[in-house]
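Colleague: I'm new to this one and would like to go through its side-chain contacts with you. Could you put it up on the screen?

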Amino acid sequence: MAKERSDAQCLIVADADVLIRNALAEYLRHCGYKVFEAATSDEVIIAVEEGAVKIDAVLADAELTGRHNAFELRIWIRDHYPDVEVVLAGNVDSAAKAAGHLCDEGPHLRRPYDPESVAAHIKRLLAATRRERR
């Protein structure tokens, strides 16, 4: 397993399916990210608000449950923590159903996950964010 760097970027993988969440989280850890796992939007909010570590990005299943659905969670994070990137994943039908009028963008990734595509997408997203902040 890859060793986690002290300067590793921190992610939250949010998915109610523990098998999917854990497998993807382990892969992303192997890629050098520090990864926290959440089963609901409520757990994501607690982790982000706790602030023990700076969260760089959240990868959430479009069908995430909790106080907020995934699209509402994305808006909440954008409003309260604009430096945190949010990546939604799901299939087109479930995303359209969950998004309703709340989202200007659909999911960025498809489920089932291709771990390499997820890692590449997050790497590009965070690199672009770093460039914009300079």
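Colleague: Let's begin with R21; which residue does R21 form a salt bridge with?

Modeller: In this predicted model, R21 forms a salt bridge with E37, and the closest N and O atoms of the two are 3.2 Å apart. R21 belongs to helix 1 (residues 18-30) while E37 sits in strand 2 (residues 34-38), so the salt bridge ties together parts that are 16 residues apart in sequence.

Colleague: And is R21 buried or exposed?

Modeller: R21 is buried, since its relative accessible area is 11% and the cut-off for buried is under 20%. Its partner E37, with a relative accessibility of 29%, counts as partly exposed.

Colleague: What else does E37 pair with, R29 perhaps, and at what distance?

Modeller: E37 also forms a salt bridge with R29, where the closest N and O atoms are again 3.2 Å apart.

Colleague: How many salt bridges are there by this rule?

Modeller: The count comes to five salt bridges. One of them joins the side chains of D56 and K54, with 3.0 Å from N to O. In that pair D56 is buried at a relative accessible area of 13%, whereas K54, at 47%, counts as partly exposed.

Colleague: Which residues do shared partners join into one network?

Modeller: Those are R21, E26, R29 and E37, which are joined into one network by salt bridges that share partners.

Colleague: Changing topic, how many aromatic pairs does the structure hold?

Modeller: The structure holds one aromatic pair. It is made by W76 and Y81, whose ring centres are 5.8 Å apart and whose planes stand at 45 degrees, so the pair is described as tilted.

Colleague: Why tilted, rather than stacked or edge-to-face?

Modeller: Stacked would need planes under 30 degrees apart and edge-to-face over 60, so the 45 degrees between the planes of W76 and Y81 makes the pair tilted.

Colleague: How accessible are W76 and Y81?

Modeller: W76 is buried, having a relative accessible area of 14%, while Y81 is partly exposed, with 28%.

Colleague: Which residues of helix 3 are buried?

Modeller: Helix 3 covers residues 70-80, and its buried residues are A70, F71, L73, R74, W76 and I77. W76 from the aromatic pair is therefore one of the buried residues of this helix.

Colleague: Last one: what caps the N-terminal end of helix 3?

Modeller: That end is capped by N69, which has a side-chain oxygen lying 2.8 Å from the backbone nitrogen of F71, and F71 is itself among the buried residues of helix 3.

Conventions: Residues are numbered from 1 along each chain as its sequence is written. This is a predicted model: local features need pLDDT of at least 70, side-chain atom pairs count only at pLDDT 80 or more; totals for chains, interfaces and linings use all residues. Side-chain values use heavy atoms; hydrogens and water are left out. Buried means under 20% relative accessible area, exposed over 50%, partly exposed in between (1.4 Å probe, protein chains only). Helices (H or I, at least four residues) and strands (E, at least two) are DSSP runs, numbered from the N terminus. A polar contact is a pair of N or O atoms within 3.5 Å; within protein, one must be able to donate a hydrogen and the other to accept it, and residues adjacent in sequence count only if both atoms are side-chain atoms. A salt bridge is a side-chain nitrogen of Lys or Arg within 4 Å of a carboxyl oxygen of Asp or Glu. Rings of Phe, Tyr and Trp (its six-membered ring) pair if their centres lie within 6.5 Å; planes under 30 degrees apart count as stacked, over 60 as edge-to-face and the rest as tilted.
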